[in-house]
Every structure is written in structure tokens, then in C-alpha cells.
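Here are my notes on the model you sent over. Have it open in your viewer and follow along point by point.

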Amino acid sequence: MLEKLSQRLQQHRPQRLKDMNLPRAAVLLPIVDRPQPTLLLTRRASHMATHSGQVAFPGGKQEPQDPDLYATALREAEEEISLRPHQVQPLGRLSDVISLHGIQVTPWVGLIPPDLPLRADPSELDAIFEVPVQHFLDDRRTHTDVITVDGVAHYVPSYHVDGFVIWGLSAMMLVELLAKGFDMPISLYEKPGGLLRRHPVRGIYSR
């Protein structure tokens, strides 16, 4: 599974947004190298001014000292969960996305060893957890959020796992990982079956 994942991501040509004149950020989607691979996620601490209590991938805004956005993702992962850069095997990047707050985010996928002594930075996070990749490949979504941006409907899955809710921007990144990395027939632009929940129309982003 993981060997094919690496091959597919190397062949993938992600969308790169140019001339957006927006703040830049990067996140890391860590795949844990277990017999049944898992995806590592975090939950923002409840005292945070923005995104409190939300599930997210390790990451944050680009700083002037970062040589590139992959370095941003690695630096933020080390600061947030004590994941050392040398512990990450880069597998590839995904398409740029724009957050609700107008930040251009570049996702990177990396493979990490199992059972690392990771620690959540309590100033930012209150949990680190793993979800089996198979949970997503089985499409165990609880419902689909319909988010219309610049007139385009995005069908974003929402997953409830052990009290954690994975949705929104993180789920949008996850859909591309599943489609391009694992060859799963899933798309943000095709209406799925099941429960749909519609959200207010947005106008900050064009795909």
C-alpha cells in the first residue's frame, strides 16, 4: 500500500495557486508506517483564539527563515508535536488550498515511523491521535458538508472517530490524498450519497 502511495504521489501534478497575494502556510499529513497504516492528526487546544477544538494536521504559517514551504511544514510539526525533520520521509505534495481566513496552504505528505515519543505542545494542542487509513478508504463518513465557494459546490466528507471530528479544510486535503495517493474513487466535486449538510456560500477561492 505505502509503496504504491509513494509512486502515485510522485506522479501526481498538484494544483499550484499563483499570484494570490495571500499569506502562506504549510501542513504535514503524516502517514504512520504500521502494518495497517494510520494517519496522524492533532486537535487545537480549546483556549486558542482561532480554530479552537478543531482537528487539523500539524502545520502553520511560513516564517521568513523557512527556505521553502516543506521546511515550514517540518518546522511547525517539530514545534507542535516534537516530530523531528529527519524522522519524516517525504512522499509528495498536494494541491494548494485557501482557508476560510484567506491563507494559502500547501499540504505535504510524509511517512513517519510508528511509536515515536511525540508530545503535543500544550500552548497550541490538546491531543495527538491516529486513524487507520482504511477507515477513510472504507468511506465511513457520517455526512457530507456542501460548501459552495465562488459558485462551485464542494462535497466535503465529515468523519467522527473516537470523539474527534475531521471535516473542513483538513477533510478537503484528505480527499485528494485518498484519490491521488490511494486511487480511491472520491471527489470534492461529485455529489455523494448519504446525508448532506449545506453551509453558507463563500467567495474567497476559485479552484
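1. A quick definition before anything else: when I say two residues touch or are in contact, I mean that they have heavy atoms within 4.5 Å. With that in hand, take Ala77, which touches Leu28, Pro58, Ser82 and Leu83 once residues up to four places away in sequence are set aside. Ala77 sits in helix H2, and with a relative accessible area of 1% it is buried. For a distance across the chain, try Ala77 to Ala120: they are 43 residues apart along the chain, and their C-alpha atoms are separated by 9.8 Å.

2. Now the overall picture, keeping in mind that this is a predicted model. The secondary structure adds up to four helices and 12 strands. The C-alpha trace spans about 40 × 40 × 35 Å along its principal axes. Does the radius of gyration fit, and what should we compare it with? A compact globule of 207 residues would have a value near 17 Å, and the protein has 16 Å, so the two agree.

3. Burial and surface come next. Of the 207 residues, 51% are buried. The accessible surface comes to about 10,300 Å², and carbon and sulfur atoms account for 49% of that. As for contacts, take those between residues at least 6 apart in sequence: 67% of them join residues at least 24 apart. On charges, there are 22 positive and 24 negative ones, and their mean positions lie 6 Å apart.

4. Two aspartates deserve a look at their backbone angles. Most residues other than glycine have a negative phi. Asp139, however, has a positive phi of about 55°. You'll find Asp139 in the loop between helix H3 (133-137) and strand E9 (143-149). At 31% relative accessibility, Asp139 counts as partly exposed, because that value falls between the 20% and 50% cut-offs.

5. The other aspartate is Asp183, where phi is also positive, near 55°. Asp183 belongs to the loop between helix H4 (168-181) and strand E12 (196-198). Is this residue buried or exposed? Asp183 counts as exposed, because its relative accessibility is 55% and the cut-off for that label is over 50%.

6. Next, Gln87, in the loop between helix H2 (69-81) and strand E5 (89-93). Its relative accessible area is 18%, so Gln87 counts as buried; the label applies under 20%. What does the Gln87 side chain have beside it? One of its polar atoms lies 2.8 Å from the backbone nitrogen of Arg84. Beyond residues up to four places away in sequence, Gln87 touches Ser82, Leu111, Ile112, Pro113 and Leu116. Ser82 also turned up in the list for Ala77.

7. Strand E10 (residues 152-161) holds His154, which is buried at 1% relative accessibility. A polar atom of the His154 side chain lies 3.0 Å from the backbone oxygen of Val152. Ala153 is found in strand E10 too, but at 25% relative accessibility Ala153 counts as partly exposed.

8. Staying with Ala153, which residues does it touch, not counting those up to four places away in sequence? They are Val146, Ile147, Thr148, Leu188 and Tyr189. The C-alpha atoms of Ala153 and Lys191 are separated by 8.8 Å, with their positions 38 residues apart along the chain. Tyr189 itself lies in the loop between H4 and E12, where at 32% relative accessibility it counts as partly exposed. Tyr189 and His143 are 46 residues apart in sequence, and C-alpha to C-alpha they are 15 Å apart in space.

9. Last, the start of the chain. Met1 is in the segment before helix H1 (2-11) and counts as partly exposed, at 45% relative accessibility. Leaving aside neighbours within four places in sequence, Met1 is in contact with Pro37, Gln134, Leu137 and Phe182. Between Met1 and Leu28, 27 residues apart along the chain, the C-alpha separation is 19 Å. Leu28 is also one of the residues that Ala77 touches.

Methods:
Residues are numbered from 1 along each chain as its sequence is written. This is a predicted model: local features need pLDDT of at least 70, side-chain atom pairs count only at pLDDT 80 or more; totals for chains, interfaces and linings use all residues. Side-chain values use heavy atoms; hydrogens and water are left out. Helices (H or I, at least four residues) and strands (E, at least two) are DSSP runs, numbered from the N terminus. The radius of gyration is taken over C-alpha atoms; the globule rule is 2.2 Å times the number of residues to the power 0.38. Buried means under 20% relative accessible area, exposed over 50%, partly exposed in between (1.4 Å probe, protein chains only). Accessible areas come from the Shrake-Rupley method with a 1.4 Å probe; for residues, only the protein chains shown count as cover. Lys and Arg count as positive and Asp and Glu as negative; His and the chain ends are not counted. The place of a charge is taken as NZ of Lys, CZ of Arg, CG of Asp or CD of Glu. A polar contact is a pair of N or O atoms within 3.5 Å; within protein, one must be able to donate a hydrogen and the other to accept it, and residues adjacent in sequence count only if both atoms are side-chain atoms.
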